[in-house]
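Subject: Handing over a structure

Dear colleague,

I am passing on the structure below, together with an account of what was found in it. Please look at the sequence and the coordinates first, and then read on.

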Amino acid sequence: MDPDVSLHPPSDQPLTAGDICTLDGLIAFLRGVSPPFELHSVDAAATDAPCEFHHDDIIAVCGNWYDVLHKAPALAYLASEASHTDILLTGGRAERLTPASAEAVGGEPLLLQNVLTSQFGINPNRVILYTGSRVTNHNLRAMLHYAKQVQEFSQQRLRFNVIEEGFLLRRIAAGVAAQLADDSQASQAIADFRFFAVGPSSFEALVSVHRGCTAVALALVVGELDRLKRYSSAGMKTTATHGTVARGAVLGSEALRDIDPALLEALEELRLRHSKLLEAGRYVLEALPREEMLPIAEPTAECSVSDRPSMLRANCTIF
């Protein structure tokens with residue numbers, strides 16, 4: 001750990017109630033999707049109009065380190081509601097945020113399949129796997145490719161039901177929109193995309209999931225907004241995992257549609273007041289060796305913190 005970067009919030013500048021409210025607003029924005037897509041509840045009891053499933057439905061997941069903790073139970077629920085549907089699991093094998101447990105079994109989709117079959121009784125014959133993804137957009141391309149393959153042989157148009165960690169949903173949906181706009185064959189092969197948000201809907205809950213480490217949670221949600229801006233145009237970035245990566249624009253303009261200017265202003269002020277905390281979180285997620293980063297930042301259900309304002313001053317150390 002860089003001695004100049006501390007994971008401890010400055011004692012005289014903890015996140016305030018106003019900061020938490022701002023971050024909750026950001027998470028609420030990130031959990032939304034723009035038309036023509038729709039956001040649905042996984043829990044049928046939580047809505048007056050539960051989702052119906054038909055023969056053309058498929059359940060899909062973009063792999064990441066939230067798969068087992070949040071997506072597996074939701075996926076098992078939807079799979080029980082739609083027992084005829086196939087399940088498409090996409091992801092990587094040993095990417096920056098791939099859990100060590102997933103790497104050990106051959107990748108994120110394989111770990112999720114193991115959990116679904118052993119803990120939830122899902123028939124493995126329903127599961128389709130793709131483990132070659134390096135970034136999220138590769139997961140989406142795999143979905144589009146599978147849809148085109150199905151239509152080629154059966155003339156069937158699939159409707160995707162994508163389960164994703166809530167604060168990542170807006171980027172996923174915008175990535176789908178951009179890819180469908182560029183791929184007319186996939187547009188013809190796909191009837192629709194529906195999205196289901198899982199995981200924390202508040203910043204305090206996200207901190208709890210990430211081992212009480214406020215710096216990491218802050219870097220994740222603020223970084224997600226930065227990615228929406230950055231990925232809407234072509235660019236190049238040097239990464240810890242893959243070196244220099246060049247890419248085109250992978251998101252459409254709808255990625256930042258309808259964001260409240262007042263929220264953006266509050267976030268800029270928050271960045272300035274908590275720049276050291278944000279820097280610490282980014283250092284852990286982006287620069288710390290992966291074998292050191294995962295024990296600090298990987299989400300877990302085992303290290304919850306009490307749901308109180310003082311929770312945000314909890315120490316997070318690597319020593």
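The pLDDT is the predictor's confidence in each residue, on a scale from 0 to 100. It belongs at the start because this is a predicted model, in which the protein chain has an average pLDDT of 87, with 83% of the residues scoring at least 70. Two stretches call for caution: residues 242-247 stay under 50 in pLDDT, and the model has 18 contacts for them beyond four places in sequence. Over residues 302-319 the pLDDT is likewise below 50, and this stretch has 33 contacts in the model beyond near neighbours in sequence. Where pLDDT is low, the predicted coordinates should not be read in detail.

As to the chain in general, its secondary structure comes to twelve helices and eight strands, and buried residues make up 51% of its 319 residues. Of the contacts between residues at least 6 apart in sequence, 79% join residues that are at least 24 apart.

The sheet is a good place to begin. Six strands form an open sheet with parallel pairing, and their order across it is 1-6-5-2-3-4. Strand 1 (38-40) and strand 4 (127-130) stand at the edges and have a single partner strand each, so one side of each is left without a neighbour in the sheet. On average, and with direction ignored, neighbouring strands of this sheet are turned by 25 degrees against each other. Within the sheet, strand 5 (residues 158-165) and strand 6 (residues 190-198) run parallel and are joined by eight bridges; Arg159, for instance, has Asp192 in strand 6 as its bridge partner. Helix 5 (residues 136-154) packs on the sheet, where it touches strand 2 (57-62), strand 3 (86-90), strand 4, strand 5 and strand 6, and its direction makes about 145 degrees with that of strand 3.

Two buried residues can be placed in relation to these elements. Gln113 lies in helix 4 (residues 108-119) and, at 14% relative accessibility, falls under the 20% limit and therefore counts as buried. Leaving aside residues up to four places away in sequence, Gln113 touches Leu89, Pro124, Val127 and Leu129. Glu95 is found in the loop between strand 3 and helix 3 and is buried too, with a relative accessible area of 13%. Glu95 and Gly107 are twelve residues apart in sequence, while their C-alpha atoms are 9.0 Å apart in space.

Turning to the later helices, which residues of helix 12 are buried? In helix 12 (residues 290-297) they are Arg290, Met293, Leu294, Ile296 and Ala297. These residues cover an arc of only 170 degrees around the axis, which puts them on the same side of helix 12. Glu291 and Pro295, on the other side of helix 12, are exposed. The buried residues of helix 12 pack against helix 3 (100-105), helix 9 (214-230) and helix 11 (275-287).

Helix 11 also meets helix 10 (residues 261-273): the axes of the two come within 5 Å and cross at roughly 85 degrees, which makes helix 10 roughly perpendicular to helix 11. Their contact is made by Arg271, Leu272 and Arg273 of helix 10 together with Ser275, Leu278 and Arg282 of helix 11.

With kind regards

Note on methods: Residues are numbered from 1 along each chain as its sequence is written. This is a predicted model: local features need pLDDT of at least 70, side-chain atom pairs count only at pLDDT 80 or more; totals for chains, interfaces and linings use all residues. Side-chain values use heavy atoms; hydrogens and water are left out. Two strands pair if DSSP finds at least two bridges between them. Helices (H or I, at least four residues) and strands (E, at least two) are DSSP runs, numbered from the N terminus. Axes are lines fitted to C-alpha atoms, for helices over the stretch in contact, and angles run from 0 to 180 degrees between N-to-C directions. Contact means heavy atoms within 4.5 Å. Buried means under 20% relative accessible area, exposed over 50%, partly exposed in between (1.4 Å probe, protein chains only). The arc is that of the directions from the helix axis to the C-beta atoms. Angles under 35 degrees count as roughly parallel, over 145 as roughly antiparallel, 65 to 115 as roughly perpendicular and the rest as oblique.
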